[in-house]
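Work through the exercises below with the sequence and the model open. Try each task before reading its solution.

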Amino acid sequence: MRMATALLRSRKPQNETDVPFQEVLPLRLKNHVSGKTDKTSDVACLQEMAVLFSCLKTHDFNESLCAKEVGNFQRCYKVYLDKKMAKKETSSKGMLVAGKDLNYKQLNKVLKKYPTSAQN
């Protein structure tokens, strides 16, 4: 153990000219992206749900005593669904919103407009 720490302390940085760059893959974008990682697991209203469960636990799962928390959770979930539907409508229309995260279909549309040069 002591030997390893002594070796790590005495190691000097490597000179960049001693290690030549080897291009394994071409350094350019492809003309498309896959939609595999586009599916995210959205957790809606986690804070409101935690408050609701703690209220239900303290009141022995009697919903009538936690009406305020139930209302907050339902309001939050309705806002979440509205935002999700609006996002789905814009993506289905193919509208590109500047400065926002693009899904894979919209990103492919942008990449089609500006394709990379042909590969060697």
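**Exercise 1.** Does Lys78 count as buried or exposed, and at what relative accessibility?

*Solution.* Start with the ground rules. This is a predicted model, in which local features need pLDDT of at least 70, side-chain atom pairs count only at pLDDT 80 or more, and totals for chains, interfaces and linings use all residues. Residues are numbered from 1 along each chain as its sequence is written, and side-chain values use heavy atoms, with hydrogens and water left out.

Next, the cut-offs: buried is under 20% relative accessible area, exposed is over 50%, and partly exposed lies in between (1.4 Å probe, protein chains only). Lys78 has 52% relative accessibility, so Lys78 counts as exposed.

**Exercise 2.** Find the salt bridge partner of Lys78 and place both residues.

*Solution.* Apply the criterion: a side-chain nitrogen of Lys or Arg within 4 Å of a carboxyl oxygen of Asp or Glu. The count is 1 salt bridge. Lys78 pairs with Asp82, at 3.4 Å from N to O. Now place them. Both residues lie in helix α3, 4 residues apart, about one turn of the helix. Helices here are DSSP runs (H or I, at least four residues), as strands are (E, at least two), numbered from the N terminus. Finally, check the cover: Asp82 is at 43% relative accessibility, so it is partly exposed.

**Exercise 3.** Classify the ring pair Phe73 and Tyr77.

*Solution.* Rings of Phe, Tyr and Trp (its six-membered ring) pair if their centres lie within 6.5 Å; planes under 30 degrees apart are stacked, over 60 edge-to-face, the rest tilted. That rule gives 2 aromatic pairs. For Phe73 and Tyr77 the centres are 6.4 Å apart and the planes at 20°, so this pair is stacked. Both residues sit in helix α3 (residues 67-93), 4 residues apart, about one turn. Add Tyr80: Phe73, Tyr77 and Tyr80 form one aromatic cluster. Tyr77 is partly exposed, at 38% relative accessibility.

**Exercise 4.** Describe the segment that UniProt lists as "domain: CHCH".

*Solution.* The unreviewed UniProt entry gives residues 45-78. Its positions follow the numbering used here, feature names are shortened, and annotations may be inferred rather than shown by experiment. Over residues 45-78 the chain is 74% helix and 0% strand. The end C-alpha atoms are 10 Å apart. Look at Glu63, in the loop between α2 (46-58) and α3. Glu63 is exposed, at 55% relative accessible area. The C-alpha atoms of Glu63 and Leu52 are 9.4 Å apart, with these positions 11 residues apart along the chain numbering.

**Exercise 5.** Which residues of α4 are buried, and against which helix do they pack?

*Solution.* The buried residues of α4 are Gln106, Asn108 and Leu111. They pack against α3, where contact means heavy atoms within 4.5 Å. Leu107 also lies in α4 (residues 104-113), but Leu107 is partly exposed, at 33% relative accessibility. Leu107 joins Leu96 and Leu102 in a nonpolar surface patch of about 200 Å². Patch residues have over 30% relative accessible area and no salt bridge; like charges are joined within 9 Å, nonpolar side chains (Val, Leu, Ile, Met, Phe, Trp, Tyr) within 5 Å.

**Exercise 6.** Summarise the whole chain.

*Solution.* Count elements: 4 helices and 0 strands, in the pattern α-α-α-α. Check burial: buried residues make up 12% of the 120 residues. Then take the surface: about 11,300 Å² is exposed, with carbon and sulfur atoms supplying 58%. Such areas come from the Shrake-Rupley method with a 1.4 Å probe; for residues, only the protein chains shown count as cover.
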